[in-house]
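Colleague: I am new to this structure and would like to be taken through it slowly, with each term explained when it comes up.

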Amino acid sequence: MAIKFRTIGQIEHGEYPFEDAITSVDIYNGAFGTVTDGAFAVAKNASKAIMQIEVGDDASMPKYAISKNAHVRVVDFSKLDGKEMEVYDYPLPDSVKVGDKLVSQADGSLKADTSVASTAFYLEVKDIIGNNDGVVVLVHGATA
């Protein structure tokens, strides 16, 4: 799974920041983008991402493909400001370290950006999970 809640308590306490959408192109789970008129499209500096439950033979692979016109669950990080989440595999950059500020790129992946404004949306890397299996991020900022 590309993105998940840090603790089960986040769900138990009513944090359900999701919206439904249909993919506009073939895409990967964890891609960042926007939702317009019910359609998800990848976008730069976005605060929403696909957080789909993975099933089948490709579940838990580094990249989990989702076909065009598929129904997806999109997490709105702007509703999780100040909360911790976990991010694995895609959409992470090849290398990441504690303190990095991650922002989405035009292809839906994340990239470290040292120039991001403190008022912008970004994910701050707080901890590395396992042997670089994933990261714990703290959600910061405004809606992108």
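Modeller: Helices (H or I, at least four residues) and strands (E, at least two) are DSSP runs, numbered from the N terminus. The model is a predicted one, in which local features need pLDDT of at least 70 and side-chain atom pairs count only at pLDDT 80 or more, while totals for chains, interfaces and linings use all residues. Residues are numbered from 1 along each chain as its sequence is written, and side-chain values use heavy atoms, leaving out hydrogens and water.

Colleague: How many strands does the chain have?

Modeller: Read along the sequence, the chain follows the pattern β-α-β-β-β-β-β-β-β-β-β-β-β-β, and its C-alpha trace spans about 35 × 30 × 30 Å along the principal axes. Besides its one helix, the chain has a number of strands equal to 13.

Colleague: What percentage of contacts between residues at least 6 apart in sequence join residues at least 24 apart?

Modeller: A contact here means heavy atoms within 4.5 Å. Of the 144 residues in the chain, 45% are buried, that is, under 20% relative accessible area, with exposed meaning over 50% and partly exposed lying in between (1.4 Å probe, protein chains only). Among the contacts between residues at least 6 apart, those that join residues at least 24 apart make up 57%.

Colleague: Which strand gives the most residues to the largest nonpolar core?

Modeller: A nonpolar core is a set of buried Ala, Val, Leu, Ile, Met, Phe, Trp, Tyr and Cys residues joined through side-chain atoms within 4.5 Å, and the largest one in this model has 24 residues, those with the most contacts inside it being Ile3, Phe32, Phe77, Met85, Leu102, Leu123 and Val137. At least two residues of this core come from each of strand S1 (3-5), strand S9 (84-88), strand S12 (122-129) and strand S13 (134-140). With three residues, the strand that gives the most is S13.

Colleague: How many residues are in the other core?

Modeller: To stay with the largest core for a moment, Leu123 is in contact with residues that include Phe32, Phe77, Leu102 and Val137, leaving aside neighbours within four places in sequence. Apart from that core lies another one, which has Val35, Phe40, Tyr64 and Tyr90 among its members, and its number of residues is 11.

Colleague: Which residue does a cis peptide bond join to Tyr90?

Modeller: The partner has its place in the loop between S9 and strand S10 (101-104). The cis bond, with omega about 25°, joins Tyr90 to Pro91.

Colleague: Is Ser104 buried or exposed?

Modeller: Ser104 lies in strand S10, and its contacts, leaving aside neighbours within four places in sequence, include Phe32, Ala43, Lys44, Asn45 and Leu110. Because its relative accessible area is 1%, Ser104 counts as buried.

Colleague: Which residue has a backbone nitrogen that the side chain of Ser104 reaches at 2.9 Å?

Modeller: This is a polar contact, meaning a pair of N or O atoms within 3.5 Å where, within protein, one must be able to donate a hydrogen and the other to accept it, and where residues adjacent in sequence count only if both atoms are side-chain atoms. A polar atom of the Ser104 side chain also lies 2.9 Å from the backbone oxygen of Ala43. The backbone nitrogen in question, likewise at 2.9 Å, belongs to Asn45.

Colleague: What is the phi of Asn45?

Modeller: Asn45 lies in the loop between S5 and S6, and because its relative accessibility is 42%, it counts as partly exposed. Although Asn45 is not a glycine, its phi is positive, at about 55°.

Colleague: How far apart are the C-alpha atoms of Lys44 and Thr34?

Modeller: Lys44 has its place in the loop between strand S5 (39-42) and strand S6 (48-50), and it counts as exposed because its relative accessibility is 53%. Not counting residues up to four places away in sequence, Lys44 touches Ser104, Gln105 and Ala106. Thr34 is 10 residues away along the chain, and the C-alpha separation is 9.1 Å.

Colleague: Which side chain of opposite charge is nearest to Glu54?

Modeller: Glu54, in the loop between S6 and strand S7 (65-66), makes a side-chain polar contact with the side chain of Asn29 at 2.9 Å, and a polar atom of the Glu54 side chain lies 2.8 Å from the backbone nitrogen of Ser60. For charge, Lys and Arg count as positive and Asp and Glu as negative, with His and the chain ends not counted, and a salt bridge is a side-chain nitrogen of Lys or Arg within 4 Å of a carboxyl oxygen of Asp or Glu. Glu54 is buried yet has no salt bridge, and the nearest side chain of opposite charge, 9.5 Å away, is Arg73.
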